[in-house]
Amino acid sequence: MVHIDRSSPWNRVDLSPAGMVPPEPDDDERTQCHDWLLFAANAHRGQSYLYWAQLTAIGEFLDIALAKLDDAVRGGGEQKDLFDPYTVATAEVAVLFAVRDSEARSLVGRAVTMSERLPKTAQLLREGIVSRTMFDTVVDRTDIVDDPALVAAVDADLCQAIAGAGHISDASARRIADRIVTRHDGDAVRRRREKAQKRKNVTGRDYPDGLGGLHVTADAEEIQLALAAVNALAEGVCPHDPRTVGQRRSAAAIARLRGLAFRCECPDPSTCVSTLGEQEISDRQARIVIHAVCQKSTLDGADDEPAYLDGYGPISADHARDLARRDDATVRDLDLDDLTEQAPDPDRPRPARIVHTSQPADPYRPTAALDNLVRGLFATCTVPGCERPAWNCELDHIEEFDHVCPASGGPTCLCNIGPKCKTHHLLKTFLGERNPEEGWVDDLWVAEDGTVWTSMTLRCGIGVDTAAPNQWLVPQLAELRCDHLAQAPPEPADPGDGFTARAPADACTSGGGRRAATAYKHAWRRATRARLRNARRRASEACDAPPF
């Protein structure tokens, strides 16, 4: 008999070969921050490998435990016994890990899925490219596909898409899985949506401390519209209202549901400047818009390519066509020709040049075509892990725009524009205001195959790269390039090696003080981006692989 030793042997294992090496106590602060974050990142990847090993072991155990059941079924027997080998094996897993039967069945199911349904995607778990929760998410989102050939195709595409997506969140992985399943098995998605319609409901729940919850289940677009309506109402109070944003949202929703007036609660009504009149509320809510993006051929019924619903994720072609048929829907074409040269030189080879990207009267502001393209392309804030929908974000110039001398700053173009939520936009802008090395450095570039990539480098020097998640919506981008990418950036001196920002001789100049500090910060970031791009290019050439 062998008892499980509850004292873990892991604290006696040398983890340094896996990159888990703590910094030396006498290292400087920046080095310690870098090493501890790298330690944590490698530990996170290690959890993925151990989960893969756990599921592999459970799968091997099941193969042995179910061998007798398989023999019995092949011999003409029926699986009716309450204590059949599968039930017993699952119960043993539950005992071993001290979990409920439902969780044990889930573990066993994932072990089977890993070996039989998604073996290629499971290798990403083994390599630490996907986390445990990410793998569980894609397993759940792909379980509606039954046909073995389709399952194999989904597994291959899912593995390739996630491996090529760079640094992504669990929600991004879910959207990738939904898109691939929708593309390969539209019938299964249609059946799942029809089944889901029966789950529409409103339920209440009691919480401790005198609180309760109200859960509304409805079509995704209706929930997006309802949430936007609540937010629009909650934002109508004056700045002196003492309630938190959450409290205002709660009060606004309850007021609307009960047919009551929603009022500002500022302490002095005589100075209140809230805009909560019926006309103001009606005007504000009439401006609420949600966006769905798809190929025109999908709306025309020529194909069943998936669409994307802002704030939700991929939806089926049928769902997109249903949205377009709504009485309150407006369909607008996004013509990429609006961004390219009108009469390209016939002697100039493809890809076409992107030239019409900013408004003629204001080079800082993008055209409507570029605005919609960028938001649809990135779907959310470009900072990894942030799920703020792109149409609720601000458009940020990656290389800062120079309002004094636009020719000296970053262009308003696809190669330099990305959505950021207000919080991350402020962090990017003001971190490192006094010392650029204390701030974040973001970047955006277009690879040789037309894929748009973004990166974020933290203060300690650790960087992560992410591909634009909705590139599949606009495959035509592979045929477009802009003039700003015609030449690789020069190799600058390392900013850590005594770099000094110097404006070029023909650049616009300005006074000292804060303006000079800002100019230095922007120049430092430009040099850092160029250095990181060159390092990324050398690494890519060395391994002959994309930057992930």
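How many bridges join β11 to strand β12, and in which direction do the two strands run? In this predicted model, six bridges join β11 to β12 (residues 452–457), and the strands run antiparallel.

**The β11–β12 hairpin**

The two strands form a hairpin in which five residues lie between β11 and β12. Within the turn, G450 has a positive phi of about 90°. Across the pairing, D443 stands opposite S455 in β12. Strand β11 is mostly covered, with six of its six residues buried. The side facing one way carries V441, D443 and W445, while D442, L444 and V446 point the other way. Residues on both sides are buried.

**The loop before β11 and a negative patch**

The loop between α16 (422–430) and β11 (441–446) contains E438. This residue belongs to a negative surface patch, formed by D28, E29, E437 and E438. The relative accessibility of E438 is 46%, so E438 counts as partly exposed, whereas the residues of β11 are buried.

**Salt bridges**

The structure holds 32 salt bridges. Three of these pairs are set out below, each with the N to O distance and the relative accessible area of both partners.

| Pair | N to O distance | Relative accessible areas |
|---|---|---|
| D178 and R174 | 3.2 Å | D178 4%, R174 22% |
| D187 and R190 | 2.6 Å | D187 45%, R190 30% |
| K422 and E394 | 3.2 Å | K422 54%, E394 30% |

The D178 and R174 pair lies in helix α8 (residues 170–184), where the partners are four residues apart and therefore separated by about one helical turn. D178 is buried because its relative accessible area, 4%, is under 20%. R174, at 22%, counts as partly exposed.

A second pair within a helix is made by D187 and R190, whose side chains meet in a salt bridge. Both residues belong to helix α9 (residues 186–197); they are three residues apart, which means a separation of about one helical turn. D187 is partly exposed, and R190 is partly exposed as well.

The salt bridge between K422 and E394 has its closest N and O atoms 3.2 Å apart. Because K422 lies in helix α16 and E394 in strand β9 (residues 394–397), this pair ties together parts that are 28 residues apart in sequence. K422 is exposed, since its relative accessible area of 54% is over 50%. E394 counts as partly exposed at 30%.

Salt bridges that share partners also join D396, E400, K420, K428, D442, R525 and R529 into one network. One of the members, D442, is a buried residue of β11.

**A nonpolar surface patch**

Which residues make the nonpolar surface patch? The patch is made by V202, L214, V216, I223, I254 and L257, and it measures about 520 Å². The elements that give two or more residues to this patch are β2 (211–217) and α11 (245–258). L257 is found in helix α11. With a relative accessible area of 62%, L257 is exposed.

Notes. Residues numbered from 1 in each chain as written. Predicted model: local features only at pLDDT ≥ 70, side-chain atom pairs only at ≥ 80, totals over all residues. Heavy atoms only, no water. Patch = residues over 30% accessible without salt bridge, like charges linked within 9 Å, V, L, I, M, F, W, Y side chains within 5 Å. Areas by Shrake-Rupley, 256 points an atom, 1.4 Å probe, with all protein chains shown as cover. Lys, Arg positive; Asp, Glu negative; His and termini not counted. Charge placed at Lys NZ, Arg CZ, Asp CG, Glu CD. Buried < 20%, exposed > 50% of the residue type's maximum accessible area, 1.4 Å probe, protein only. Pairing = 2+ DSSP bridges.
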